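Work through the exercises below with the structure open beside you. Try each task before you read its solution.

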Amino acid sequence: MKQITVVTESSPGLLAQVSEILAERGINIETLNAETVQDYGVVIFTVDRYDEALVALRDAGVPAVSEDAIIIRIADEPGALARISRRFHDAEIRLRSVRIIRRDAGHGLVALSTERTERALELVKDVLIS
Amino acid sequence: MEAMTEDKALTAEDEGRLDDFYRAMEVESSRSLGYPSNAVFDYSDLYRFLHFPLNNIGDPFVESTFRVHSRSFERDVLRFFAKMYHAPEDDYWGYVTSGGTEGNMYGLYLARELLPEGIVYYSEETHYSVSKVLRVLALRNIMIKTLANGEIDYEDLRETVRIHRDVPPIILANIGTTMKGAVDNVDTIQEILRDFALPNFYIHCDAALSGMILPFVKDPEPYDFAAGIDSISVSGHKMIGSPMPCGVVLAKKKNVDRIARSVEYVGTLDTTISGSRNGLSPLFLWSAIRKLGPSGFRKMVVGCLKMADYAIDRLREKDIDAWRNNNSVTVVFPRPATPVLEKWQIAVFRDIGHMITMPHVTRDLVDELVGDIAGTEP
Ligand SMILES: Cc1ncc(COP(=O)(O)O)c(C=O)c1O
């Protein structure tokens, strides 16, 4: 099941907002996991209609990350991200792109684009958000 | 035989719509403070060229059988920029693009062809057009943090390059970031690359706005071919001003020639990204260059920098924490309230907003904006 992740500044209404956007288009949420990490709200979910859900969220201006990325949280210090990419490098797993999605309060949330394999997830299990 | 045209007029309703649109544009263009578009220019002496289907299709340096084009003007424009950016005299190539994005695309395309295994490093505050280009070109890429002023974080870059030292680096350096006008120091970047003794690397500069500022200030940050870069993209509609978006990209000819050799289907070699290309924008740029020239541009840039300082002074008087980077006309301040953003077409990024003191921005306009910001709670 392909997952979607929404990361925003922690706002109590985020979960309700996401549910409402999807409900309006008749998209059903199948699994859901919401948490607050530092100052961010993170909602990870799966739906019955994946592509439509992504479009609905985009139209509503909610930044959603698709299945193609692994999201991690790391300390905001020089080389922190480099050390993560080193793990992939050593494991000979190719990262297509590494993007910082948020950075504040001493931490960064980062999207790694690579195949979402068990091996890849294992490499970042200590910092994995979704 | 008669030409196949028939005179058709617009309806009164359509005419009315155009009139309304005209009036709206008159107001909006002069009140724009948040986007780096110069709104004062007069190209009316060039309007007669709107009668021709100008098309600068293909390489501006190769003659074409199609003769309704302005390539000789385009080459003059390129020569002007090449000289200004200290490109090697007989070893530069480039063209007038549709804007900053196409220039970045060309630079990164060239980099990829030269270093197919390369990884692109670019900072967090890079314009989103670069992410788009990276995706289109399927280039591997790693985003690097920025310092508080918007410059790339050199320590983070160093650590990241260290880990991937077996992969050729392709650096996308920002010469004026979109939100803070920050300039990545290409000297410092090259020191880092040299420390790792990397034999092959490529530096492309996204100089969308500041590519028309730095040549005209006393102490420019290093940014051009003299500083060791490989290609540069600058927008034409930003500082110079143009009725249509345009830009210039320049690269080293020896690099362009190297990739030309590797293209399979020799004979149809067209080195530009788009095929048919705008033949009017080179005329606009050429005419601005002829009329203003380096001294006119310098005056314009000095005026914009002064206006930026004026804005900072006025904002600080109201206890608004405003600042700008060295040699930048982008004045950064805390994100203002929504009505202010809407009225002034101000772009925001997280908790900051900015005003860009382009040549059409007057003291009156700045005063009015400052009054609005100070008069509302953020
Ligand atoms: C730094 C930077 N690079 C690239 C661009 C994209 O340029 P264009 O819109 O001319 O394609 C912009 C646009 O604002 C920019 O600010």
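The exercises that follow concern a predicted model and take up its sheets, some helices and the ligand site.

**Exercise 1. Trace the order of the strands in the open sheet of 10 strands, and find which strands stand at the edges.**

Solution.
- Step 1. Start with the chain A strands: the order opens with E5(A)-E7(A)-E6(A).
- Step 2. Continue into chain B: E3(B)-E2(B)-E4(B)-E5(B)-E6(B)-E7(B)-E1(B) follow. The pairing is mixed.
- Step 3. Read off the ends. E5 of chain A (69–75) and E1 of chain B (92–97) each have a single partner strand, so one side of each is left without a neighbour in the sheet.
- Step 4. Add the twist. On average, neighbouring strands of this sheet are turned by 20 degrees against each other, direction ignored.

**Exercise 2. Describe how E1(B) pairs with strand E7 of chain B, and say which residue stands opposite Thr97(B).**

Solution.
- Step 1. Take E7(B), residues 247–252. Six bridges link this strand to E1(B), in the antiparallel sense.
- Step 2. Look at Thr97(B). Its opposite number in E7(B) is Gly247(B).

**Exercise 3. Determine which strands helices H2 and H3 of chain B touch or cross, and at what angles they run.**

Solution.
- Step 1. H2(B) spans residues 71–84 and packs on the sheet. It touches E1, E6 (231–235) and E7 of chain B. Its direction makes about 120 degrees with that of E1(B).
- Step 2. H3(B) covers residues 100–114. It lies across E1, E2, E4, E5, E6 and E7 of chain B. Relative to E5(B), H3(B) runs at about 175 degrees.

**Exercise 4. Survey the shell around the ligand: which residues come nearest, and which polar side chains approach its oxygen atoms?**

Solution.
- Step 1. There are 13 residues around the ligand. Gly100(B), Thr101(B), Thr178(B), Asp206(B) and Lys238(B) come nearest.
- Step 2. Sort the shell by class: one nonpolar, 10 polar and two charged residues.
- Step 3. Find the main contributor. H3(B) gives the most, with three residues.
- Step 4. Check the distances from polar side-chain atoms to an oxygen atom of the ligand. Thr178(B) lies at 2.9 Å, Lys238(B) at 3.0 Å and His237(B) at 3.4 Å.
- Step 5. Finish with the area. Alone, the ligand exposes 390 Å², and the protein buries 83% of that.

**Exercise 5. Set out the order of the three-strand sheet in chain B and place helix H8 on it.**

Solution.
- Step 1. The order is E8-E10-E9, with antiparallel pairing in an open sheet.
- Step 2. The edges are E8 (330–334) and E9 (348–349), each pairing on one side only.
- Step 3. Two bridges join E9(B) to E10(B), residues 352–356. Val348(B) has Gly353(B) as its bridge partner.
- Step 4. H8(B), residues 281–317, lies across E8 and E10 of chain B. It runs at about 20 degrees to E8(B).

Technical notes:
Residues are numbered from 1 along each chain as its sequence is written. Chains are lettered from A and ligands numbered from 1 in the order in which they are written. This is a predicted model: local features need pLDDT of at least 70, side-chain atom pairs count only at pLDDT 80 or more; totals for chains, interfaces and linings use all residues. Side-chain values use heavy atoms; hydrogens and water are left out. Two strands pair if DSSP finds at least two bridges between them. Helices (H or I, at least four residues) and strands (E, at least two) are DSSP runs, numbered from the N terminus. Axes are lines fitted to C-alpha atoms, for helices over the stretch in contact, and angles run from 0 to 180 degrees between N-to-C directions. Contact means heavy atoms within 4.5 Å. A residue is near a molecule or strand if one of its heavy atoms lies within 4 Å of it. A polar contact is a pair of N or O atoms within 3.5 Å; within protein, one must be able to donate a hydrogen and the other to accept it, and residues adjacent in sequence count only if both atoms are side-chain atoms. Accessible areas come from the Shrake-Rupley method with a 1.4 Å probe; for residues, only the protein chains shown count as cover. Ala, Val, Leu, Ile, Met, Phe, Trp, Tyr, Cys and Pro count as nonpolar, Asp, Glu, Lys and Arg as charged, and the others, Gly among them, as polar.
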